[in-house]
Amino acid sequence: MKALWIFLLSMASVLSASKAQDIVWEATFSDSLPSIGLVDYDNKDNLFYSDQEGNITVRYHFADDSSNYYSPAYQSPLQQFEAAKTVNIFTFSRDLQRIEILDRFMVPLYSSRLITPDFGNIRAASLGNNLKVWLFDETNYHLLQWDYQRGSILQNQPLNLIIPEGEWTVEEIVEHKNIVFINAKDKGIYLLDNQSNYLGFLPIIVDHKLALHGNFLLHMEGKYLVITDYLSGKSKRVEAPFKSSSVAIGKKMIGFYTKKRICTYKIPDGLFTME
């Protein structure tokens, strides 16, 4: 971790676009929908997406006749929607201050409003390892790790000791490979270990759901997909096959989406090869 910490501190000067080799995209699925919120894949590359009301649809193997649907009792857009990391599906609605955990058949396992005396206004939430929930409390700018099964706070880290002064807030938290990625709006992405210790900073502005694959962070810049190896600091730009505002990635599939359309492709050979 020390090596990673040292390296990330110097990423601002290393991060640059590089010329990408030719990439051949093979389309697998596309659909136009009235409203698309967030998109994710599970660990079998089934496609999950929410709408602006928080309803969730899963397309098994991208087939129209093999799908499932979940409509929550309380409806609102989702600010977090995770299907990839565990056997569970996690959702968070900022407006409702509610998290839900579903099994992979879309059966609710847990649903609760985050209104305990321990919490102020929760702006971001994510399901971390061992079923512990990361929360960003924007009332006091603290990062919390919460054991929802026991109702206890395991960690409480003031982020204003890590993120520089000025106006900022947290758009998203994601734990990936024991690293907690904190997307601070208009600042960049801060990396902590899962004990809330600072590791480093990625000077990358992302205004959509974070997409992580192995040691790579993917985000969209105009018509380009930008791929950053957050360990080596190398990055490259690849022209996306479909102009979109957001990207999601599974094990073997990658999806590009707007508020009205999703297009998915097999992950092309060489996509993560850095020159």
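**Group meeting: salt bridges, sheets and pockets**

Let me start with one residue: Glu221 is partly exposed, at a relative accessible area of 32%. Keep in mind throughout that this is a predicted model.

So who does Glu221 talk to? Its side chain meets that of Arg237 in a salt bridge, at 2.6 Å from N to O. Glu221 sits in strand E19, residues 216-221, and Arg237 in strand E21, residues 235-239, so you have a link between distant parts of the chain, 16 residues apart. And Arg237? It counts as partly exposed too, with 33% relative accessibility.

While we're on charges, there's also a network: Arg94, Arg123 and Glu171 are joined into one by salt bridges that share partners. Hang on to Glu171, it comes back later.

Okay, E19 and E21. Which sheet are they in? They belong to an open sheet of four strands, ordered E18-E19-E20-E21, and the pairing is antiparallel. E18 and E21 are the edge strands, each pairing on one side only. On average, neighbouring strands here are turned by 30° against each other, ignoring direction. If you zoom in on E18 and E19, they pair antiparallel over three bridges, and Leu212 has Leu217 in E19 as its bridge partner.

One more stop in this sheet: Tyr224, which is in strand E20, residues 224-229. At 30% relative accessibility, Tyr224 is another partly exposed residue. For a sense of scale, the C-alpha atoms of Tyr224 and Lys132 are separated by 34 Å, and the two residues are 92 apart along the chain.

Now the other sheet I wanted to show. It's open as well, with four strands in the order E1-E24-E23-E22 and antiparallel pairing. Why do E1 and E22 each have a side without a neighbour? Strand E1, 26-32, and strand E22, 246-249, stand at the edges with a single partner strand each, so one side of each is left free of a neighbour in the sheet. The twist from one strand to the next averages 20°. In the middle of that order, strand E23 (residues 253-257) and strand E24 (residues 261-266) pair in the antiparallel sense over five bridges. If you want a register marker, Met253 stands opposite Lys266 in E24.

Back to salt bridges for a minute. How many does the structure hold? There are eight. One of them runs between the side chains of Arg59 and Asp31, at 3.0 Å from N to O. Arg59 lies in strand E4, residues 56-59, and Asp31 in strand E1, so this pair ties together parts that are 28 residues apart in sequence. Buried or exposed? Arg59 is buried, with a relative accessible area of 10%, and Asp31 is buried as well, at 17%.

Then there's Asp40 with Lys209, where the closest N and O atoms are 3.8 Å apart. That pair links distant parts of the chain: Asp40 is in strand E2, while Lys209 is in the loop between strand E17 (198-202) and E18, and they're 169 residues apart. Asp40 and Lys209 are both buried.

Lys209 is a handy way into the pockets. What lies nearest the centre of the largest one? Out of 23 lining residues, it's Leu38, Glu171, Asp207, His208 and Lys209. So that's Glu171 from the network and Lys209 from the bridge with Asp40, both by the centre of this pocket. The space in there is about 540 Å³. The lining divides into seven nonpolar, eight polar and eight charged residues.

The second largest pocket has about 430 Å³ of space. It's lined by 23 residues, and those closest to its centre are Ala84, Lys85, His176, Leu212 and Ile249. You've met Leu212 already, as the partner of Leu217. Here the lining comes out as 11 nonpolar, five polar and seven charged.

Where does that lining come from? Strand E2 (39-41), strand E14 (170-176), strand E18 (211-213) and E22 each supply at least two residues. What I like is that this brings our two sheets together: E18 is an edge strand in one, E22 stands at an edge in the other, and both contribute to this pocket's lining.

That's my tour; happy to pull up any of these residues on screen.

Key:
Residues are numbered from 1 along each chain as its sequence is written. This is a predicted model: local features need pLDDT of at least 70, side-chain atom pairs count only at pLDDT 80 or more; totals for chains, interfaces and linings use all residues. Side-chain values use heavy atoms; hydrogens and water are left out. Two strands pair if DSSP finds at least two bridges between them. Axes are lines fitted to C-alpha atoms, for helices over the stretch in contact, and angles run from 0 to 180 degrees between N-to-C directions. On a 1 Å grid over the protein atoms alone, a cavity is a set of points where a 1.4 Å probe fits but cannot get out, and a pocket is an open set with protein on both sides within 12 Å along at least five of seven lines; lining residues have an atom within 4 Å of a point. Grid points are joined across faces, edges and corners, and a volume is the space filled by probe spheres set on the points. Ala, Val, Leu, Ile, Met, Phe, Trp, Tyr, Cys and Pro count as nonpolar, Asp, Glu, Lys and Arg as charged, and the others, Gly among them, as polar. A salt bridge is a side-chain nitrogen of Lys or Arg within 4 Å of a carboxyl oxygen of Asp or Glu. Buried means under 20% relative accessible area, exposed over 50%, partly exposed in between (1.4 Å probe, protein chains only).
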